[in-house]
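Please read these points with the model open beside you, and take them one at a time.

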Amino acid sequence: MSIAEKIKVLIVDDQVTSRLLLSDALTQLGFKQITAAGDGVQGMKVMEQQPHHLVISDFNMPNMDGLGLLQAVRTNPNTKKAAFIILTAQGDRALVQKAAQLGANNVLAKPFTIEKMKAAIEAVFGALK
Amino acid sequence: MVEDSAAKRVHIIQGEWKVIDDPNVVLSTILGSCVAACIRDPNAGVGGMNHFLLPGSAVPGAGGGDATRYGVHLMELLINGLLKKGARRDRLEAKIFGGAKTIATFSNVGEQNAAFATQFLRDEGIRVVGSSTGGDHGRKLEFWPVSGRARQYPLTGAETQKTVALERRPVPVSKPVESSIEFF
């Protein structure tokens with residue numbers, strides 16, 4: 001079993017199309033255990049029920065944004081060790097700094113290529129295959 | 001109705017998007033194979049337009065290539081911009097224009113672009129209240145983001161060829177997140 005197959009990934013994005021594309025990219029990278037949520041509140045519910053190893057979350061979302069979810073994940077003892085990658089549609093330096101302060105493992109700009117997504121995940125987990 | 005003479009005109013080029021809440025502003029663009037999505041929230045009095053060309057196949061769910069991600073990105077920037085100005089996702093309505101099939105392209109890129117926009121809006125649950133896509137001629141488009149009024153003029157054959165030639169030039173890639181922060 002490859003590393004990618006063992007990693008449980010939660011993807012959080014308010015756009016259906018973005019979730020589909022993200023899920024598609026992860027499947028191409030060999031991930032098999034993928035769960036999706038539509039905002040930070042739903043994402044945190046999933047994490048509380050079943051902690052995932054990796055959260056890939058959009059920044060700009062209603063109810064609870066990506067930074068809110070990151071904060072919630074980091075303050076819950078059951079989920080605080082999860083790797084967290086934030087996706088952002090806007091190249092915002094302040095957001096990158098805030099994400100780093102709050103304990104994000106990486107920030108990836110949209111639109112990303114599969115290669116960039118792979119590199120962002122491998123920077124956290126090492127080579128996937 | 002807004003009179004043209006009083007309108008402030010903002011022109012949008014390929015790869016751009018704008019969100020406006022001023023009723024005196026009219027957004028304009030010129031489309032060959034490109035597609036423009038005009039989206040607004042009638043209650044919040046805010047609307048906007050983007051303008052994109054996706055090279056190659058660009059249908060969500062059919063492989064999810066980089067072209068699709070680029071289109072999704074421009075739609076997301078526009079929708080995020082609208083939500084920031086007070087729009088609500090469930091009230092958004094859209095009009096789609098462009099995607100002409102022209103002799104110069106010898107392909108159905110325009111049709112694929114229009115299909116991408118239609119499918120994206122359907123998947124996201126955004127109501128399409130009007131569209132004019134396909135055909136042999138390019139379009140000059142005007143959109144009043146607050147009222148939702150749209151007006152288009154067909155381009156002549158020569159204008160269409162010129163527009164398509166311009167569209168096929170490389171577009172600057174959007175800026176990546178600037179970061180000097182070490183995560184590891």
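1. For the charge count used here, Lys and Arg are taken as positive and Asp and Glu as negative, while His and the chain ends are left out. On that basis chain A carries 14 positive and 11 negative charges, and the mean positions of these two groups lie 8 Å apart. Please keep in mind throughout that this is a predicted model.

2. Chain A contains six helices and five strands, and if you follow the sequence you will meet them in the pattern α-β-α-β-α-β-α-β-α-β-α. The radius of gyration of chain A is 13 Å, which is close to the 14 Å given by the globule rule for 129 residues, so chain A is as compact as a globular protein of that length. Its C-alpha trace spans about 35 × 30 × 25 Å along the principal axes.

3. Of the 129 residues in chain A, 52% are buried, and among the contacts in chain A with a separation of 6 or more, 65% are between residues 24 or more positions apart. Chain A exposes about 5,500 Å², and carbon and sulfur atoms supply 50% of that area.

4. How many disulfides does a search of the whole structure find? The search, taken over all chains, finds zero. Cys34(B) is in no disulfide, and the nearest cysteine sulfur, which belongs to Cys38(B), is 13 Å away. Because a disulfide requires two cysteine sulfur atoms within 2.5 Å, the 13 Å from the sulfur of Cys38(B) to its closest counterpart, in Cys34(B), is too far for a bond.

5. Cys34(B) counts as buried, at 0% relative accessibility, and Cys38(B) is buried too, with a relative accessible area of 1%.

Notes. Residues are numbered from 1 along each chain as its sequence is written. Chains are lettered from A and ligands numbered from 1 in the order in which they are written. This is a predicted model: local features need pLDDT of at least 70, side-chain atom pairs count only at pLDDT 80 or more; totals for chains, interfaces and linings use all residues. Side-chain values use heavy atoms; hydrogens and water are left out. Helices (H or I, at least four residues) and strands (E, at least two) are DSSP runs, numbered from the N terminus. The radius of gyration is taken over C-alpha atoms; the globule rule is 2.2 Å times the number of residues to the power 0.38. Buried means under 20% relative accessible area, exposed over 50%, partly exposed in between (1.4 Å probe, protein chains only). Contact means heavy atoms within 4.5 Å. Accessible areas come from the Shrake-Rupley method with a 1.4 Å probe; for residues, only the protein chains shown count as cover. The place of a charge is taken as NZ of Lys, CZ of Arg, CG of Asp or CD of Glu.
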